Amino acid sequence: LYHDMGLIGAWLGALVVGFPLVLMSPLAFLARPERWLQAIHNHRATISGGPNFAYDLCNRRIDEPLLEGLDLSCWRLAFNGAEPVNPATIKQFSEQLANRGLNPQAMTPVYGLAEATLGVAFTPRSRGPRIDSVSRDQLFARGVAVVDESADAMQLVSSGIAINEFEVRVVDEAGHEAPNRVAGEVQFKGPGVTSGYFRNAQATRELFDSEWARSGDRGYMADGELYITGRDKDVIIRAGRNLYPYELEQAVGELPGVRRGCVAVIGSEDAGSGTEQVIVLAETRLTAAAELAVIHEQIAALCIEHLDLAADEIVLAPPQSVLKTSSGKIRRAALVQRHQQGELVKAGSAPWLQVLRLTAGSLLLAACRGARRV
């Protein structure tokens, strides 16, 4: 509930509108993802959602026997937001649960952020996701989303249209509204927009462009719908091209031996060349030199395929090396800072030491509670 999608979209939404709300711990879902689908079945839920990661985890961890007896025909809106939406994930999820009553049109990619009090753009109800296949080269080199139906095209999922009383636009580098299918900064305005950041006047000034609020995301408009290509601060500028790391991260995460969702592609400034180096950080539990060499070679090939250039550095690291926020987003700025300090991968504490630290902390809290009772 500390994330805006849960706090505002679920908790406060239930209080304002007055519909029944069923809550379950994210840890319960992570331990056994099928619990989410079982809860939807048991309570006949009509609306439920999560980040793309949640749907991907269901695809990977829920076998057919665990779906026995489920009826998901009640699920009308399966929201997918808070992080980039992967078209392969939603396609596999829909197909896997089609025989359990899930309507593929229930899949509803959405876009929002806390600065808008959550919602900005939603996929039209009962339409299903819309996927745009565009030329990767044209998007990287010219910032134009040119339709490309070839097998190696870049696929992007529409976030839908602006919700009631909201407006969305994309502006170019000069601050002018960009034409259809031209990528730029996503801006929005509407009744739910924040008046600023708490006790941070500088950040508040940077947030607004006249009456429009800056989202910090990049994207383009096509036929009135919003397509997100990445975060402004995540874009890597290399040889005059804007490179979007998310697609490569997804591809690397599919490699055997690499921890899915634990891959970061970052751009670290190279003072010598005046451009950004492309660094790929991937977590793996493998330790054998031969196995690591195979993964390294595969990642190098994926870089050529997805970015049309070689990575400057490929780092295979143990689990917990990719820094993330509390909501699961990759902390790229912190990783860049670590890389520039020459300590991209830090050695973690030994497991027994971590357990000891957690135990000591728990005992201290228990002692404090006891003292308060006395």
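In this predicted model, Cys74 has a relative accessibility of 12% and therefore counts as buried, the limit for that class being under 20% relative accessible area. Cys74 takes part in no disulfide, and the cysteine sulfur nearest to its own, which belongs to Cys58, lies 15 Å away. A comparable description applies to Cys262, which is buried with a relative accessible area of 9%; Cys262 is likewise in no disulfide, its nearest cysteine sulfur being that of Cys58, at 17 Å. A disulfide is a covalent bond between the sulfur atoms of two cysteines, and the number found in the structure as a whole is 0. Because a pair of cysteine sulfur atoms has to be within 2.5 Å to count as a disulfide, the 15 Å that separates the sulfur of Cys74 from that of Cys58 does not qualify.

With regard to the overall fold, the secondary structure of the protein comprises 11 helices and 17 strands. The radius of gyration is 22 Å, close to the 21 Å given by the globule rule for 374 residues, so the protein is as compact as a globular protein of that length. Along the principal axes, the C-alpha atoms occupy a box of roughly 65 × 50 × 50 Å. Of the 374 residues, 42% are classed as buried, and the accessible surface amounts to about 19,900 Å², with 55% of this area belonging to carbon and sulfur atoms. Among the contacts with a separation of 6 or more, 65% are made by residues that stand 24 or more positions apart.

One part of the fold can be described in more detail, namely an open sheet of 3 strands, arranged in the order 15-16-17 and mixed in its pairing. Strand 15, spanning residues 258–270, and strand 17, spanning residues 313–317, form the edges of this sheet, each of them pairing on one side only. Neighbouring strands of the sheet are turned against each other by 20° on average, when direction is ignored. Strand 16, which covers residues 275–284, pairs with strand 17 in the parallel sense over 5 bridges, and Leu281 has Val315 of strand 17 as its bridge partner.

Two helices are associated with these strands. Helix 9, formed by residues 289–307, lies across strand 15, strand 16 and strand 17, and runs at about 135° to strand 17. Helix 10, formed by residues 332–340, packs on the sheet and touches strand 15, strand 16 and strand 17, with its direction making about 60° with that of strand 15.

Technical notes
Residues numbered from 1 in each chain as written. Predicted model: local features only at pLDDT ≥ 70, side-chain atom pairs only at ≥ 80, totals over all residues. Heavy atoms only, no water. Buried < 20%, exposed > 50% of the residue type's maximum accessible area, 1.4 Å probe, protein only. Pairing = 2+ DSSP bridges. Helix = DSSP H or I, 4+ residues; strand = E, 2+ residues; numbered from the N terminus. Axes fitted to C-alpha atoms, helices over the stretch in contact; angles between N-to-C directions. Contact = heavy atoms within 4.5 Å. Rg over C-alpha atoms; globule rule 2.2 N^0.38 Å. Areas by Shrake-Rupley, 256 points an atom, 1.4 Å probe, with all protein chains shown as cover.
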